[in-house]
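Me: I've got a model open and I'd like to learn how to read its helices and its packing. Can you walk me through it?

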Amino acid sequence: MKIPLTALLLCLGSLSTHAALDPAQVRQLAAEDSTDKVAAIRLIVQAADPEAERVLGAMADGQLYLAADKALIIDGDHARDAATGKAVKLPADAEAVTVNNRIRGELAGSLAALKLLDANPEVRLASARTLQNAISPDMAPLLAKALAQESDARIKPLLVSAHAQANLADPAPAARLTAVQALADAGSPGIKALLLPLTDKANEPDDKVRYAAIEAVKAIERRLALSETLASMFTGLSLGSILLLAALGLAITYGVMGVINMAHGELLMVGAYSAYGMQSLFRAYFPEAIAWYLPAAIPVAFFAAALVGVLMERTVIRWLYGRTLETLLATWGISLVLIQSARVLFGAQNVEVANPSWMSGGIELMPNLLLPWNRIIIIGFALFVLFLVWVLMNKTRLGMFVRAVTQNRPMASCVGVHTARIDTLAFALGAGIAGLGGVALSQISNVGPDMGQGYIVDSFMVVVVGGVGQLAGAVWAALGLGIFSKLLEGWAGAVIAKICILVAIIVFIQKRPQGIFALKGRFVE
């Protein structure tokens, strides 16, 4: 009976697919020398055999043994031939194959490479990401095979980059040139480090490849510089959001009462410790809901800071209106009292306030640019608080009274506004907003008794530059101060950046003492 040629080819293909690994290569995995083991691992990976993952996985798990010059996989009381996968009798004298750190790292990269052929796209994606920092030239055949089969748009660019990295050591100049051109669109410092040796004639004899590598390195450096600038601007934006929350309350209290509150930074500290207290409470009594301690801390921080503000205004500040120097000294003394109180209650060391799980991670816009979720949420939270304050100041009766007292206190009192009550409410509102700033600050900074000291000067600068009592001015000044501070820090360091900012603000105030937005009215105190 004649067998059709097509059927014969299918049978042969099926047999080749399920063929066993080369016993000699598998036996070499148990070699004494680590270099021989690495060479065997790479040869097995190049073959891209479906059984390779089983054998290398067993080696990584410490289940590969040598007995009677044969490599075996022993799992408990069961033993199998590592090359064929057939069950064998459990030997009595099996010796475990030694796996050191070098072999363990090689196995991790090889197993990740083999998973590029997995049917599950999520497994392939995770493998491709893992491989970006563990590419060896021997992986080129496997990567080429995976690239030819890949159709997922998320995975294919990663495989193109990995295949190009593997081909950088190819003997053929044309292959190296293609690899360099493929990597020129990258923006990773790791890729730049790989290409830098190729810019030296001692390492790359081919002129075309060397010139292409030089251009690729320049392109990558431009992208890295752009990503660093954008990262600094984003960090400055989040810092500006914190300053905005601190300055909003200060703008209200300073604008209404003319009080220079040197304890305003400690109101941030009160809010941060409120977040720490709610975190401790949730851990002790509601551990299953620990991810939601932060929303619960927001009202607690607001009212705790507002209560401290009311006590300050009622007991000390009320008796010092119109006496600027005495008010400044008194509030500075209050700040010291609050700092020492925090040290007594919580200790002198910083306390841990962890990010909730839903604030972990970030959005990767570029290989070297990750926008963390905690900073994104802080920016959104600051804008939300700003909107609420705008509604309160412009659409409510209390806001109208606050604006009236800010513009002309005697006239507001003459028309029936209870200015003393407005002072208390305004101070409570400003302190509560500072408490909200403390909650936000606890997610990106250390929480300790002295944490507010670093923000009081910047908050006053925001108020003075923006214009007293002007929300729009506070927004522009806070965001501008935050962004320019971070950009200058990347260029000249933190100390020089702070000096430059202070000099710029002094020059600005000399030219425009009323701030960005002047307060409108017939009479301004």
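Reply: Sure. Start with a rule for angles: over 145 degrees counts as roughly antiparallel, and 65 to 115 as roughly perpendicular. Keep in mind that this is a predicted model.

Me: Okay, at what angle do helix α15 and helix α18 cross?

Reply: Helix α15 (residues 373–395) and helix α18 (residues 419–441) have axes that cross at roughly 170 degrees and come within 10 Å. That's over 145, so α15 and α18 are roughly antiparallel to each other.

Me: Which residues make that contact?

Reply: From α15 you have Ile378, Phe381, Val385, Val389 and Leu392, and they meet Leu429, Ile433, Leu436 and Ala440 of α18. Sort the contact of α15 with α18 by class and you get nine nonpolar residues, with no polar and no charged ones.

Me: How does α16 sit against α18?

Reply: Use the angle rule again. The axes of helix α16 (residues 397–407) and α18 come within 10 Å, and the crossing is roughly 105 degrees. That falls in the 65 to 115 range, so α16 and α18 are roughly perpendicular to each other. On the α16 side, look for Leu398, Phe401, Val402 and Val405; on the α18 side, Thr419, Ile422, Asp423 and Leu425. By class, the contact of α16 with α18 has six nonpolar residues, one polar and one charged.

Me: Now burial. Is Ser459 buried or exposed?

Reply: The cut-off you need is that buried means under 20% relative accessible area, while exposed means over 50%. Ser459 has a relative accessible area of 1%, so it is buried. You'll find Ser459 in helix α19 (residues 453–466). Setting aside neighbours within four places in sequence, Ser459 is in contact with Ala246, Ala247 and Leu250.

Me: And what about Ser485, buried or exposed?

Reply: Ser485 counts as buried because its relative accessibility is 12%. This serine is part of helix α20 (residues 471–492). Its side chain reaches the backbone oxygen of Leu481 at 2.6 Å. Leaving out neighbours within four places in sequence, Ser485 is in contact with Ala497 and Ile501.

Me: What would a residue in between look like?

Reply: Try Val391, which lies in helix α15. With a relative accessible area of 26%, Val391 is partly exposed. Its C-alpha atom is separated by 16 Å from that of Ala474, and the two residues are 83 residues apart along the chain.

Me: Which residues touch the most other members of the largest nonpolar core?

Reply: For a core, think of buried nonpolar side chains joined through atoms within 4.5 Å. The largest nonpolar core here has 78 residues, and Met312, Val389 and Val462 touch the most other members. Helix α11 (residues 207–257) gives the most to this core, with 13 residues. Not counting residues up to four places away in sequence, Val462 touches Leu243, Ala247, Ala474, Ala477, Ala478 and Leu481. Apart from this core lies another, of 41 residues, including Leu29, Ala40, Leu114 and Ala166.

Me: Which residues of helix α8 are buried?

Reply: In helix α8 (residues 156–166), the buried residues are Leu159, Ser161, Ala162, His163, Ala164, Gln165 and Ala166. Then ask what covers them: the cover includes α6 (121–131), α7 (140–149), α9 (173–183) and α10 (189–195).

Technical notes: Residues are numbered from 1 along each chain as its sequence is written. This is a predicted model: local features need pLDDT of at least 70, side-chain atom pairs count only at pLDDT 80 or more; totals for chains, interfaces and linings use all residues. Side-chain values use heavy atoms; hydrogens and water are left out. Axes are lines fitted to C-alpha atoms, for helices over the stretch in contact, and angles run from 0 to 180 degrees between N-to-C directions. Helices (H or I, at least four residues) and strands (E, at least two) are DSSP runs, numbered from the N terminus. Angles under 35 degrees count as roughly parallel, over 145 as roughly antiparallel, 65 to 115 as roughly perpendicular and the rest as oblique. Contact means heavy atoms within 4.5 Å. Ala, Val, Leu, Ile, Met, Phe, Trp, Tyr, Cys and Pro count as nonpolar, Asp, Glu, Lys and Arg as charged, and the others, Gly among them, as polar. Buried means under 20% relative accessible area, exposed over 50%, partly exposed in between (1.4 Å probe, protein chains only). A polar contact is a pair of N or O atoms within 3.5 Å; within protein, one must be able to donate a hydrogen and the other to accept it, and residues adjacent in sequence count only if both atoms are side-chain atoms.
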